[in-house]
Amino acid sequence: MEELVVVDHVNKHFGELHVLKDITTTVHRGEVVVVIGPSGSGKSTLCRAINRLETIDDGTITIDGVALPEEGAALARLRADVGMVFQSFNLFSHMTVLQNVTLGQLKVRKRSKAEAEKRAMEILDRVGVANQASKMPAQLSGGQQQRVAIARALAMDPKVMLFDEPTSALDPEMVNEVLDVMVGLAADGMTMVVVTHEMGFARKAAGRVLFMAEGQIVEEATPEKFFTDPQSTRAKDFLSKVLTH
């Protein structure tokens, strides 16, 4: 399998706090890696470091063989290859849904307006919100906004998609409409790194589960193995808490 994201001996501190402790892992093309663990374990920081929203103290992260650039145009180009979906939808509130999904295509991918809009509509249709294209984000439900955010990232044809707790700000009844889109992407072979509390999604869509605690990857296994036979006390303890209710 082809290596797409390679994280090699990465450390990160926030002041005194050592949030990522010598993290090494690889995500292969077409693989879905789900990162789970208790709050404060470093999951989101790892996710954000992969597209350099967080800097790292040492170690290296490469995307498709290219080391993360420090800043500037090279970083913007690399970020276009790494789609990111956040907890909060981060849509531009003064733009329509269609404008939100075409902006990056026009600015970074340099597509024509017609081409960008055609691509945007295809993807909005794929995530089930094509009929909302002319609306402003504030007119949409949280679940619809998050699906637009996914469409915006997808429209750039990224090599990998990062999801940082994409359903944690949603009302319970909207969670599945977003997870369904993500399951569909996984089935289509999109390379994905997903930080989530949704164990059902991890079971259904993950190729591999990374369990993090206190800044370290404590365990790495297939969902089948991880959920039925966790190896570490830390993972057993975590699962006993999240799977009982």
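Okay, one bit of vocabulary before anything else: I call two strands paired if DSSP finds at least two bridges between them. And keep in mind that what's on the screen is a predicted model.

So, let's start at the N-terminal end. Strand β1 covers residues 3–14, strand β2 covers residues 17–28, and the two run antiparallel, with 8 bridges between them. If you want a spot to orient yourselves, find His-13 and look across to β2: the bridge partner there is His-18. The two strands make a hairpin with 2 residues between them. Have a look at Gly-15 in that turn, which has a positive phi of about 60°.

Now, β1 has another partner too. Which strand is that? It's β4, residues 58–63, again in the antiparallel sense, this time over 5 bridges. The landmark here is Asp-8 on β1, whose bridge partner in β4 is Thr-60. While you're looking at these strands, the usual reminder: side chains in a regular strand alternate between the two faces of the sheet.

Right, salt bridges. How many are there in the model? The count comes to 18. I'll pick out a few. One is Glu-54 with Lys-12, where the closest N and O atoms are 3.9 Å apart. Glu-54 sits in the loop between α1 and β4 while Lys-12 is back in strand β1, so this pair ties together parts that are 42 residues apart in sequence. And are those two residues buried or exposed? Buried, both Glu-54 and Lys-12.

Next, Asp-157, which I'd like to spend a minute on. Asp-157 forms a salt bridge with Arg-111, and the closest N and O atoms there are 2.5 Å apart. This one links distant parts of the chain: Asp-157 is in the loop between α5 and β7, Arg-111 is in the loop between α3 and α4, and they're 46 residues apart. On accessibility, Asp-157 comes out at 37%, so we call Asp-157 partly exposed. Arg-111 has a relative accessible area of 16%, so Arg-111 goes down as buried.

Asp-157 also meets the side chain of Arg-119 in a salt bridge, 2.4 Å from N to O. That's another link between distant parts of the chain, with Arg-119 in helix α4 and Asp-157 in the α5–β7 loop, 38 residues apart. Arg-119 is at 22% relative accessibility, so Arg-119 counts as partly exposed; the cut-off for buried is under 20%.

There's also a salt-bridge network to click through. Which residues are in it? Glu-2, Arg-29, Asp-64, Asp-81, Arg-109 and Lys-159.

Let's go over to the helices. Asp-81, from that network, turns up again in helix α2, residues 72–81, where Leu-75, Leu-78, Ala-80 and Asp-81 are buried. What covers them? The cover includes β4, β5, β6 and β7.

Then zoom in on Thr-102, in helix α3. Thr-102 is buried, with a relative accessible area of 6%. So who does Thr-102 touch, leaving aside neighbours within four places in sequence? Ala-116, Glu-117 and Ala-120.

Last stop, the aromatics. A search of the whole structure turns up 3 aromatic pairs. One of them is Phe-211 with Phe-238, a tilted pair at 5.3 Å centre to centre, with 50° between the planes. Phe-211 is in strand β9 and Phe-238 in helix α9, 27 residues apart, so here too the pair links distant parts of the chain. Phe-211 is at 0% relative accessibility and counts as buried, and Phe-238, at 9%, counts as buried as well.

Then there's Phe-226 with Phe-227: the ring centres are 5.4 Å apart and the planes sit at 80°, so that pair is edge-to-face. Phe-226 is buried at 0% relative accessibility, and Phe-227 is buried at 8%. Put those rings together and what do you get? Phe-211, Phe-226, Phe-227 and Phe-238 form one aromatic cluster.

That's my tour. Thanks, everyone.

How values were computed: Residues numbered from 1 in each chain as written. Predicted model: local features only at pLDDT ≥ 70, side-chain atom pairs only at ≥ 80, totals over all residues. Heavy atoms only, no water. Helix = DSSP H or I, 4+ residues; strand = E, 2+ residues; numbered from the N terminus. Salt bridge = Lys/Arg side-chain N within 4 Å of Asp/Glu carboxyl O. Buried < 20%, exposed > 50% of the residue type's maximum accessible area, 1.4 Å probe, protein only. Contact = heavy atoms within 4.5 Å. Phe/Tyr/Trp six-rings, centres within 6.5 Å; stacked < 30°, edge-to-face > 60°.
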